[in-house]
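This report is intended for a reader who has not met this structure before. Please examine the sequence and the structure displayed below before reading on.

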Amino acid sequence: MSEVEMWIDGSCGRNRKVCAWGAVIRQSDGRLDRAAGLLKGHSGPTGSEILALLEGLSLVEDHLTVIVFSDCKALVDALDGNIPEVKTEGWIELLDVLSKRSGIIKAKWRKRKSSRGMIAAHHLASTARVLGE
């Protein structure tokens with residue numbers, strides 16, 4: 001079975017008008033993909049983290065198992081089956097994407113900056129946010 005590893009992070013400025021996300025993906029062949037982007041509005045850190053996952057999953061074949069490393073406890077809990085009762089647009093989109101995937105998604109909580117992958121995802125998100133402010 002082929003596995004993909006994905007490290008994701010969200011970053012918001014103090015006023016939350018500009019939030020950003022970053023994702024680092026180690027594909028099953030060892031190749032590294034990186035992605036980052038901005039969100040304008042009030043998505044907050046969890047919304048940024050959800051978007052990082054959605055964008056990262058768009059770079060991974062649907063049938064592959066993905067191990068997601070995140071410092072967002074709410075997202076890790078949701079991927080483990082504990083879906084929050086209040087579902088914002090980001091949660092609804094995530095649930096829709098997950099329902100269409102044939103591959104397994106495993107979530108692991110990690111402290112920010114606890115590994116090279118987490119550090120890289122954090123730097124991508126932080127850089128995108130700073131450039132967008």
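Which residue stands opposite lysine 106 in S5? Isoleucine 67 takes that place. The model described here is a predicted one.

## Strand S4 and its neighbours

Strand S4 covers residues 65-70, and six of its six residues are buried, so the strand is largely enclosed by the rest of the structure. Its side chains point two ways: Thr65, Ile67 and Phe69 in one direction, Val66, Val68 and Ser70 in the other. All of these residues are buried.

S4 pairs with two strands that are described here. With S1, residues 3-12, the pairing is parallel and involves five bridges. Within that pairing, tryptophan 7 stands opposite phenylalanine 69, and methionine 6 stands opposite valine 68. With S5, residues 105-109, S4 again pairs in the parallel sense, over five bridges.

## Strand S1 and its hairpin

S1 is mostly covered, with seven of its 10 residues buried. In addition to its pairing with S4, S1 runs antiparallel to S2, to which eight bridges join it. One pair across these two strands consists of glycine 10 and its bridge partner in S2, tryptophan 21.

S1 and S2 form a hairpin with five residues between the strands. In this hairpin, arginine 16 adopts a positive phi near 60°.

## The cysteines

The structure contains one disulfide. It is formed by cysteine 12 and cysteine 19, whose sulfur atoms lie 2.3 Å apart. The torsion about their S-S bond is about 110°, and the disulfide is therefore right-handed. The two partners differ in their exposure: cysteine 12, at 21% relative accessibility, counts as partly exposed, whereas cysteine 19, at 0%, counts as buried.

Cysteine 72 takes part in no disulfide. The nearest cysteine sulfur to it is that of cysteine 12, at a distance of 11 Å. With a relative accessibility of 8%, cysteine 72 counts as buried.

## The loop after S4

Aspartate 71 is located in the loop between S4 and helix H2, which covers 73-79. Is this residue buried or exposed? Its relative accessibility is 19%, and because the limit for a buried residue is under 20%, aspartate 71 counts as buried.

When neighbours within four places in sequence are left aside, aspartate 71 is in contact with Asp9, Glu49, Trp109, Arg110, Lys111, Arg112 and Met118.

## The nonpolar cores

In soluble globular proteins, nonpolar side chains tend to be buried together. The largest nonpolar core of this model has 28 residues, and those with the most contacts inside it are Met6, Ile8, Leu53 and Leu75. Two or more residues of this core come from each of S1, S2 (18-26), S3 (32-40), H1 (44-57), S4, H2, H3 (89-100) and S5. H1 provides the largest share, namely six residues.

Leucine 75 illustrates how the parts of the chain meet. Not counting residues up to four places away in sequence, leucine 75 touches Ile8, Glu49, Ile50, Leu53, Ser70, Trp91 and Leu94. Apart from the largest core lies another core, of six residues, which include Val24, Ile67, Phe69 and Met118.

## Helices H1 and H4

H1 has 14 residues and reaches 20 Å from its first C-alpha to its last, close to the 20 Å expected at 1.5 Å a residue. This helix is mostly covered, since 10 of its 14 residues are buried. Among them are Gly44, Ser48, Glu49, Ile50, Leu51 and Ala52. Leu53, Leu54, Gly56 and Leu57 are further buried residues of H1.

H4 comprises 17 residues, 116-132, which should span 24 Å at 1.5 Å a residue; its end C-alpha atoms are 24 Å apart, in agreement with that value. Its residues Gly117, Met118, Ala121, His122, Ala125, Ser126, Ala128, Arg129 and Gly132 are buried. They cover an arc of only 160° around the axis, and therefore lie on the same side of H4. Arg116 and Leu131, on the other side of the helix, are exposed.

Definitions and conventions: Residues numbered from 1 in each chain as written. Predicted model: local features only at pLDDT ≥ 70, side-chain atom pairs only at ≥ 80, totals over all residues. Heavy atoms only, no water. Buried < 20%, exposed > 50% of the residue type's maximum accessible area, 1.4 Å probe, protein only. Helix = DSSP H or I, 4+ residues; strand = E, 2+ residues; numbered from the N terminus. Pairing = 2+ DSSP bridges. Disulfide = S-S within 2.5 Å. Contact = heavy atoms within 4.5 Å. Core = buried A, V, L, I, M, F, W, Y, C linked by side-chain atoms within 4.5 Å. Expected span 1.5 Å × (residues − 1). Arc of directions from axis to C-beta.
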